[in-house]
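Welcome! Open your viewer, get comfortable, and follow along stop by stop.

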Amino acid sequence: MNVLRAVIALSMLALVWLALRGTDALTRLGDMSPGWAVAAFVALNVQTWLSAWRWRLTARQLGIGMSASHALGEYYLGQLVNQILPGGMTGDVGRALRSAGRNGRTPAALAVILERFMGNAMLVVVLLTAVAAVWVLPVDQPLPPHLPAILTALLSAAALAALIVARASGRAAATLRQALSLGLMARGILSRQILLSLGTVLANIAAFAFAASATGTTLPPLTALILIPPILFAMMIPISIAGWGVREGAAAAFFPLAGLGAGAGLAASLAFGILFLASSLPGLVVPILRRGGNASAHRRVCPASPASDKPKTEIS
């Protein structure tokens, strides 16, 4: 399956490249604006920091304590693994396993699942808000023809999942409902989850828009809020490596709907993918630092963790 995903990614990239005569995209990449590229790189790191903060908040609510630096390092490492291995979830699985500790794998897995869920849910909310703005405000903004079908599928899946969780019985369902209550809906937590998730989504969308600007294509804010979320959702389809090929095909399909060339979409998507991989490279340093820290731990007694890093609540 891993080999198949790699073949699919390369095949889809090749097909998009040949269909669009990718020399234009290559020229755009060669002339990439350093300023906009740096802006995209910074935005991608901002979304990583906010995502790590959101994961730490969720994990603490489920009884898993970790320091801010540990959460950030783990998130960079998990994101890097997701970028280089097929499926796009291997890094998240590793992040969950390494954070389990004495609390067990169930709370650790639920913390990762809920954290990723909040990001995807907020992406849908942002897209719906932008679409509503187009319908309500007097703006001349084309909507992708397949967007209603995409939104219907996403909302139907969300409603079905919510119904299954609400109606399901048994220990697993009870554990999931308890995790939702503690990790997302607890008093004072939901507002923080929403703010962090909104920040990560806007940073991700901004990064793609900045990557487009770096390759010579300007996306107005409302256009970016409508066109980019479906492209980011396409990355989540687990048939390639880190969305390569699928993302480029989606960008080439959606950009012309805003009066932009398919080649512009291809160039923007390639630039985004390269910058996303570059922004994940700090994950390479994490195992080295951890190995050095473990070696030092054999030579000295580690101090107790500060009280602020202790988990507040444990999930059964």
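Let's begin in a loop: select Met-185, which sits between helix 8 and helix 9 (190-214). Please keep in mind that you are looking at a predicted model. Is Met-185 buried or exposed? Its relative accessibility is 54%, so Met-185 counts as exposed, the cut-off for that label being over 50%. Now show its surroundings: leaving aside residues up to four places away in sequence, Met-185 touches Leu-180 and Leu-190.

Next, step over to helix 8, which covers residues 171-183, and select Ala-179 there. Ala-179 has a relative accessible area of 0%, so this residue is buried. Which residue should you pick for a distance check from here? Try Leu-114: along the chain, Leu-114 and Ala-179 are 65 residues apart, yet 8.3 Å separates their C-alpha atoms.

Leu-114 leads us on to a pair of helices. Colour helix 3 and helix 6 (residues 105-136), which pack with their axes 9 Å apart and at an angle of about 135°. That angle makes the two helices oblique to each other, because angles over 145 degrees would be needed for roughly antiparallel. The crossing of helix 3 and helix 6 is right-handed.

Which residues meet where these two helices come together? On the helix 3 side, select Ser-51, Arg-54, Trp-55, Thr-58 and Ala-59. Facing them from helix 6 are Ala-111, Val-112, Leu-114, Glu-115, Met-118 and Gly-119.

Stay with one member of that group, Arg-54, which belongs to helix 3 (residues 34-61). Is Arg-54 buried or exposed? With a relative accessible area of 3%, Arg-54 is buried, as the label applies to anything under 20%. Turn on side chains and look towards Thr-200: a polar contact of 3.2 Å links its side chain with that of Arg-54. Beyond residues up to four places away in sequence, Arg-54 touches several others, among them Tyr-75, Gln-193, Leu-196 and Ser-197.

Finally, zoom out to see the whole protein. How many helices are there? The protein has 13 helices and 0 strands. Of its 316 residues, 45% are buried. Among contacts between residues at least 6 apart in sequence, 77% join residues at least 24 apart. Switch on the surface for a last view: the protein exposes about 15,600 Å², with 70% of that supplied by carbon and sulfur atoms.

Methods
Residues numbered from 1 in each chain as written. Predicted model: local features only at pLDDT ≥ 70, side-chain atom pairs only at ≥ 80, totals over all residues. Heavy atoms only, no water. Helix = DSSP H or I, 4+ residues; strand = E, 2+ residues; numbered from the N terminus. Buried < 20%, exposed > 50% of the residue type's maximum accessible area, 1.4 Å probe, protein only. Contact = heavy atoms within 4.5 Å. Areas by Shrake-Rupley, 256 points an atom, 1.4 Å probe, with all protein chains shown as cover. Polar contact = N/O pair within 3.5 Å; in protein donor to acceptor, adjacent residues only side chain to side chain. Axes fitted to C-alpha atoms, helices over the stretch in contact; angles between N-to-C directions. Parallel < 35°, antiparallel > 145°, perpendicular 65-115°, else oblique. Left-handed = near helix turned anticlockwise from the far one by under 90°.
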